[in-house]
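Colleague: Take me through one part of this model slowly, please: how the helices pack, and then where the open space sits.

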Amino acid sequence: DDYQKAVLAQATAQVEWARGNYNQALSGFERAVGLDALPDLTHFGLMYQIAQLYYMNDRYDEALDKLDLWMCKVPKEKVTDVAYVLQASLYAQKKDWKNTIVAIETAISMSDEPKESWYQMKLAAHFELEQFPKAAQTLEIMIKLWPDKKTYWVQLSQIYYKLKMTDEALSIMALANRRNLLDKETDVMYLSNLYSNAEVPYKAAITLQKGIEDGVVKQSKKNWTIVADSWYSAQEMEKALFAYGKAGAASEDGEIDLRRAYILVDLERWEDASIAVNAAIEKGGFN
């Protein structure tokens, strides 16, 4: 009878699923569902598996149709957060970002412990739609839930900066730095630039110099010159001289030594100024 045929089709399909033969499994499950002879719990479970199989076979439109049908047929309380995640994933594959957000937000609202990947999907959809304020709100939540993930701190700061919320952009990066999360040259340079743009040269200098001394930022003429210029803006002349000295040692021309000489003249340290000028002349390469 139909019940026995449906059970046999289901069993055969399960075997094919286990073997990784998803097309054969899909045919078996659809045959079992089409007979409409299995108990409701099993019948609806197979409908859900069919939607999953279409997804696994990259047949996203059919997967969505099957999933929507399943959601209409089962009692509302049986539709889980995971089912909405599947729906969101299908919309994402179709680049339907608005519906992706609706589905994933529903999943998040239903769960006591939403997964990190769910928030990542929501964040990606906001980025695709250029919904930067909502992306910022999502990242704020993600930072609270996963405070040790540096990427979220940097992304949030960059969004704030894009939204011209420069104080917030700086505050977020400064907090990330206090948590010792900034482990790349680009991170440290970005924070130092934020301090410079906010007209806080002392912090800009100390941040970048520490990055260099810790080995996070490359020792180079360019980077030491930025440090020195920041110390100079902060009117920390001794620190500026030290940094210009480091920059000059890494430089093949005398430009940096000449800058150092000007500072030494202002400080009336004539002998040191003379040495710096001679070093500049010896290297040459400046106007």
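Modeller: Start at the N terminus, where helix α1 (residues 2-19) packs on helix α2 (residues 22-35) at an angle of about 160°, their axes 8 Å apart. Helices here are DSSP runs of H or I, at least four residues long, numbered from the N terminus; axes are lines fitted to C-alpha atoms over the stretch in contact, and angles go from 0 to 180 degrees between N-to-C directions. That angle makes α1 roughly antiparallel to α2 (over 145 degrees counts as roughly antiparallel, under 35 as roughly parallel). This is a predicted model, with pLDDT of at least 70 needed for local features and 80 or more for side-chain atom pairs, while totals for chains, interfaces and linings use all residues. Numbering runs from 1 along each chain as its sequence is written, and side-chain values use heavy atoms, leaving out hydrogens and water.

Back to the pair: α1 and α2 cross in a left-handed way (the near helix is turned anticlockwise from the far one by less than a right angle). From α1, the contact takes in D2, K5, A6, A9, Q10, A13, Q14, E16 and W17; from α2 come Y22, Q24, A25, G28, F29, R31, A32 and L35, contact meaning heavy atoms within 4.5 Å. Sorted by class, the α1 and α2 contact has nine nonpolar, four polar and four charged residues (nonpolar is Ala, Val, Leu, Ile, Met, Phe, Trp, Tyr, Cys and Pro; charged is Asp, Glu, Lys and Arg; the others, Gly among them, are polar).

Now look at helix α9 (residues 150-162), whose axis comes within 12 Å of that of α11, crossing at roughly 35°. This crossing is left-handed as well. K150, V154, S157, Q158 and Y161 of α9 meet D187, Y190, L194 and N197 of α11, giving four nonpolar, three polar and two charged residues.

α11 (185-197) also turns up at the largest pocket, where α10 (166-178), α11 and α12 (201-213) each give at least two lining residues. A pocket is an open set of points on a 1 Å grid where a 1.4 Å probe fits, with protein on both sides within 12 Å along at least five of seven lines, and lining residues have an atom within 4 Å of a point. The largest pocket holds about 380 Å³ of space, volume being the space filled by probe spheres set on the points, which are joined across faces, edges and corners. Its lining has 17 residues, with N177, R178, L191, T207 and K210 nearest the centre. α12 contributes the most, six residues, and the whole lining splits into nine nonpolar, four polar and four charged.

The second largest pocket has about 160 Å³. Around that space you'll find D40, L41, F44, G45, Y48, W70, V74, P75 and K78. Helix α3 (residues 40-56) supplies the largest share of this lining, five residues, and the class split is six nonpolar, one polar and two charged.

One more pair: helix α13 (residues 221-233) packs on helix α15 (residues 255-266) at about 15°, axes 12 Å apart, which makes α13 roughly parallel to α15. Their crossing is left-handed. K221, T225, D229 and Y232 of α13 touch E255, I256, R259 and I263 of α15: three nonpolar, one polar and four charged residues.

Technical notes. Parallel < 35°, antiparallel > 145°, perpendicular 65-115°, else oblique.
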